[in-house]
Amino acid sequence: MKTPSSPAGCGRLWAARLALLGLLTLPAGAPLFAASAPFGVPVRVSFKFFLNNLGNRPATGELNTDAEIEAQVVRGNQILAAWTSELRVHNVEIVDVAGHSEWYNATTDDRDAIRAAAIANPAGYAWRNNAVNVYITANTGCSARSQFPPDNDIIIVCQSIYDTTVMHELGHSLNLYHTHQSGGNDGCADTLPDDEDWTRDQIATNAYGMVYALLNSTQQYQVNMVWSNLMSYHNGDHRWMMSSCQLDRASTQASSDQTWLLTKRPVYVDGGYAGTQNGTFPQPYTTIQNAINAGVLNSRVLVLDQGTHDNPSSAITTATDVVPRKGSATVREAKLPYDLPANLEESKNPRVREAVVRAQFADRQRDVLSVITHLLEAEQHATGRERDALRFELAQRYRDLQRFDEASAWFEKAAAGADQPGLKRRAQEKADAMKAELKRQKQLQDEGEENDDKRNEKQAEKKGNP
Ligand SMILES: [Zn+2]
């Protein structure tokens, strides 16, 4: 396909033309970066740099580049994933805010003034009411400060910060207190008393009357939980632990703020819960089936509490992600709606038996093509459910070799010959899926060829027009 030639360097001109037409505006905040939502329950975070009077970001610092922001986001998501939290940090955008150099050197003490100014002039500050707004300043004399609910939509970050600071501040936005909260009360009984200046041994001695090295492994784990806690002031670059209670507090807050804070809303299922069910974290559904029945799963994230859940009797037909929480969640699988033999090496038909044994031998040699040859031979001599099983197996082998046309044909054959309705239905579904995959691959291939054409055209242009 021919496309109009677009010589290098005309991008800016094109943008200017669009601006004249009013199609592209570059106000105070033009997003420079936007990441797609992470899998899980994404907490929306919008990053903003206050620029100086020349329109620049700080040239040096701990958080003065897009890469450094993305590193904080990645670290935050690693911490959440380590505890199988359902929550993830969603970096919605990184915006340069011009025209407010009065805040270029702002400190964390300016948080409330900046929030008030931004809410009064959302366009000028790229303020969002559907995300936590992180304003980054050039000040090297301060760290960061967020706000507890209900005003948990702002964080000020200066340049004196650790690798985990953004996630720590988001912890506060999600209602987590410091492990050294004054009065020793961080709202969580599963974190030991802490002081921001204590050593690991001081935490141990205070709790157990012994230094860390003398504690048993359970006690050491409890000390670690504070010493390396995300919400502590120890080990700034390496904080990563979160207690069960902290995970629950964060989920409770995110669930409560879901309409403005989350890119995708969660629907919680916890089999151990009893009480009114509405799918929020405090009032989860007790079964997957209840969540399906409530009709609330479309474009949502189904969050399954750790443990085993009953397989729902109806299928989830909506666009729904499923994630576990606090540990692996298992859904009790229903058995396939048909029976097929898997012991064809004991077939009463000697020709089937011998071909299958040869296939098994080839399988041990990892010689897939020989496996297929022997299965094909067995299929020719087999009858009934033995033949069904061989056809299904051949389809699966071709599928795993990415030979989707042959896979589709064998699933079709399995469907056509099956006497069991469940097998007929499933084999036909699989055949259709193979055809769809074949089509997708062909489209990808066509697009690739088209790109090659374009590349060749471009190269021709370059040669003719240096
Ligand atoms: Zn803090």
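Two strands count as paired if DSSP finds at least two bridges between them. Strands (E, at least two residues) and helices (H or I, at least four) are DSSP runs, numbered from the N terminus. By these terms, β7, β8 and β9 form an open sheet of three strands in the order β7-β8-β9, with parallel pairing. Its edge strands, each pairing on one side only, are β7 (266–269) and β9 (321–331). From one strand to the next the twist averages 25°, where axes are lines fitted to C-alpha atoms, for helices over the stretch in contact, and angles run from 0 to 180 degrees between N-to-C directions.

The model is predicted: local features need pLDDT of at least 70, side-chain atom pairs count only at pLDDT 80 or more, and totals for chains, interfaces and linings use all residues. Residues are numbered from 1 along each chain as its sequence is written.

Within the sheet, β7 and β8 are joined in the parallel sense by four bridges. One of the facing pairs is V269 with its bridge partner L304 in β8. Between these two strands the chain passes through helix α10 (residues 288–293), in a β-α-β crossover that is right-handed. Right-handed here means that, with the strands pointing away from the viewer, the path from the first strand over the helix to the second runs clockwise. On the other side, strand β8 (residues 301–309) runs parallel to β9 and is joined to β9 by eight bridges. G307 stands opposite A329 in β9, and T308 has T330 in β9 as its bridge partner.

The protein chain as a whole has 15 helices and nine strands. Of its 466 residues, 36% are buried; a residue is buried if 20 or more other C-beta atoms lie within 10 Å of its own, exposed if 12 or fewer, and partly exposed in between, with C-beta atoms placed from the backbone. Among contacts with a separation of 6 or more, 57% link residues 24 or more positions apart. Two residues are in contact if their C-beta atoms, placed from the backbone, lie within 7 Å.

A second group of strands involves β6 (residues 154–157). Strand β4 (residues 132–136) runs parallel to β6, and four bridges join them. Strand β5 (residues 144–146) pairs with β6 in the antiparallel sense over three bridges. V157 in β6 is the bridge partner of I136, and A144 also stands opposite V157. In a regular strand the side chains alternate between the two faces of the sheet. In β6, I154 and I156 point one way, I155 and V157 point the other way, and all are buried. The loop between β5 and β6 holds P150, which is joined to P149 by a cis peptide bond with omega of about 10°.

Most residues other than glycine have a negative phi, and most peptide bonds are trans. N175 has a positive phi, near 75°, and is found in the loop between α5 (165–173) and α6 (200–208). N175 is partly exposed because 18 other C-beta atoms lie within 10 Å. The phi of N235 is also positive, about 55°; N235 lies in the loop between α7 (217–227) and α8 (244–256). N235 counts as partly exposed because it has 15 C-beta neighbours inside 10 Å.

Turning to the later helices, H381 is in helix α12 (residues 368–381). H381 counts as partly exposed because it has 17 C-beta neighbours inside 10 Å. Leaving aside neighbours within four places in sequence, H381 is in contact with N349, R351 and V352.

R391 is in helix α13 (residues 384–400) and is buried because 26 other C-beta atoms lie within 10 Å. Beyond four places in sequence, the contacts of R391 are E379, W410, K413, A414 and G417. R391 and A415 are 24 residues apart in sequence and 9.1 Å apart in space, C-alpha to C-alpha. W410, K413, A414 and A415 are among the buried residues of α14. Helix α14 (residues 404–417) has 14 residues and reaches 20 Å from its first C-alpha to its last, close to the 20 Å expected at 1.5 Å a residue; the expected span is 1.5 Å times one less than the number of residues.

Confidence is given by pLDDT, the predictor's score for each residue from 0 to 100. The protein chain averages a pLDDT of 88, and 88% of the residues score at least 70. Over residues 1–29 pLDDT stays under 50, and the model has 23 contacts beyond four places in sequence for them. Over residues 460–466 the pLDDT is below 50, and this stretch has one contact beyond near neighbours in sequence.
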